[in-house]
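Subject: Structure for your review

Dear colleague,

Please find below the structure that I am handing over to you. My findings follow directly after it.

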Amino acid sequence: TTARASDPHQQRRQHPSQQHQQPQQQQLPRFYVETSLASNLVHLEGKEATHATKVLRLRESSELELCDGKGNVSRCTILSVGGARGGRGRGGRVTLSVLGESRRVDFEGVKWNLCVASGSLKGSRGDWLVEKATELGAWSFQPILTDHSSKMGGHGAAAEATSGREERWKRLAVAASKQSLRPHFLRIKPAVTLDDLLSSASAGSVVLAAHQTGPPLLSVGRGLSDNGAGVIREGTLLVGPEGDFSARELDLFEAAANVRLVGLGDLRLRVETAAVALLAGARLMESDSI
């Protein structure tokens, strides 16, 4: 595109609120690779190559961005578009030249670990939750095993660990990261018991557990700020199973200095709905409260 010089007379006729707005640069198409961006040449293959050449119609000399899902982003140009390596497969192969050094994009906001008793989530409900957690900006997602969740639907610790859902969730997290242009992939952590999770949480971290007896989430956030909690870098969000946390687990929360119960309204919520509400509320209160 060709840049046009601005007319100073026209600029004076603009609303004052518009005079300080910077022109937005067009976002380059972004592709994700698992290889290092330190190399001068990088290849797109398979579905990524198909999307670049067939959907976006990119050709030689076209520019795009590459991201490794770890916060590193590089500007590249297409050197060549060819068939699939070895003459097999779809999508061909796109060879890219990396332009300069990659830039580091830091993760913005609190690194929330969204921990959900997801053993009772049937069908695609768990997949949907992982997708939305990615889009809403959670740092990581971790299934938890509670006193009640292990009794629901025949889900025990062994079943949770061997269900194969974690690998599928990793793929879904990558796909949702691409859609939302996240420079950092959502991390899918192995399932853990609630007891082990609480014992491993650092004393200075914030743990917010959704429960109907807790005060409203936003008031808890304001309380953290008023009490001089300082800048919070990471925290844990807990959502129990459909049977809720047990009395024993509530006693654990009360005994832990860094765990705070938070309410999400007066309506009964599904597990995945409560998880999305808790994450969205925590993200919204970051700039104002913590």
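A residue is called buried here when its relative accessible area is under 20%, and exposed when that area is over 50%. By that cut-off F253 is buried, because its relative accessible area is 3%. Please bear in mind that this is a predicted model.

Overall architecture

The chain has 290 residues, of which 42% are buried. Its secondary structure consists of ten helices and twelve strands. Among the contacts with a separation of 6 or more, 78% join residues that are 24 or more positions apart. The accessible surface amounts to about 16,600 Å², and carbon and sulfur atoms contribute 49% of that area.

The nonpolar cores

In soluble globular proteins, nonpolar side chains tend to be buried together. In this chain the largest nonpolar core holds 32 residues, and the members that touch the most others are L114, V116, F141, L186, L208 and L237. Two or more residues each are supplied to this core by β6 (111-116), α4 (125-136), α6 (165-180), β10 (206-210), α8 (217-226), β11 (234-239) and α10 (271-284). The largest share, seven residues, is that of α10.

The surroundings of L237 illustrate the packing. Beyond residues up to four places away in sequence, L237 touches W112, N113, L114 and C115, together with L208, L278, L279 and A282. Another core, of 15 residues, lies apart from the largest one and includes F31, V42, A49 and C76.

Helix α10

The 14 residues of α10 should span 20 Å at 1.5 Å a residue, and the end C-alpha atoms are indeed 20 Å apart, so the two values agree. The buried residues in this helix are V271, E272, A274, A275, V276, L278, L279, G281 and A282.

Two alanines of α10 may be set side by side. A275 lies in this helix and counts as buried because its relative accessibility is 0%. Leaving out residues up to four places away in sequence, A275 touches L114, V116, L129 and V239. A275 and L238 are separated by 37 residues in sequence, yet their C-alpha atoms are 7.9 Å apart. A277 also has its place in helix α10, but A277 is partly exposed, with a relative accessible area of 31%. The C-alpha atom of A277 is 9.7 Å from that of A210, a residue 67 positions away along the chain.

Aromatic rings and the loop after β7

The count of aromatic pairs comes to four. In the pair of F245 and F253, the ring centres are 5.0 Å apart and the planes stand at 85°, so the arrangement is edge-to-face. F245 is buried, with a relative accessible area of 5%, and F253 is buried as well, at 3%. Elsewhere, K111 lies over the face of W139, 4.3 Å from the ring centre.

F245 also appears among the contacts of T146. T146 is located in the loop between β7 (140-145) and α5 (157-162). With 4% relative accessibility, T146 counts as buried. Apart from neighbours within four places in sequence, T146 is in contact with A117, L194, P241, F245 and E249.

With kind regards

Terms used
Residues numbered from 1 in each chain as written. Predicted model: local features only at pLDDT ≥ 70, side-chain atom pairs only at ≥ 80, totals over all residues. Heavy atoms only, no water. Helix = DSSP H or I, 4+ residues; strand = E, 2+ residues; numbered from the N terminus. Buried < 20%, exposed > 50% of the residue type's maximum accessible area, 1.4 Å probe, protein only. Contact = heavy atoms within 4.5 Å. Areas by Shrake-Rupley, 256 points an atom, 1.4 Å probe, with all protein chains shown as cover. Core = buried A, V, L, I, M, F, W, Y, C linked by side-chain atoms within 4.5 Å. Expected span 1.5 Å × (residues − 1). Phe/Tyr/Trp six-rings, centres within 6.5 Å; stacked < 30°, edge-to-face > 60°. Lys NZ or Arg CZ within 6 Å of the ring centre and 35° of its normal.
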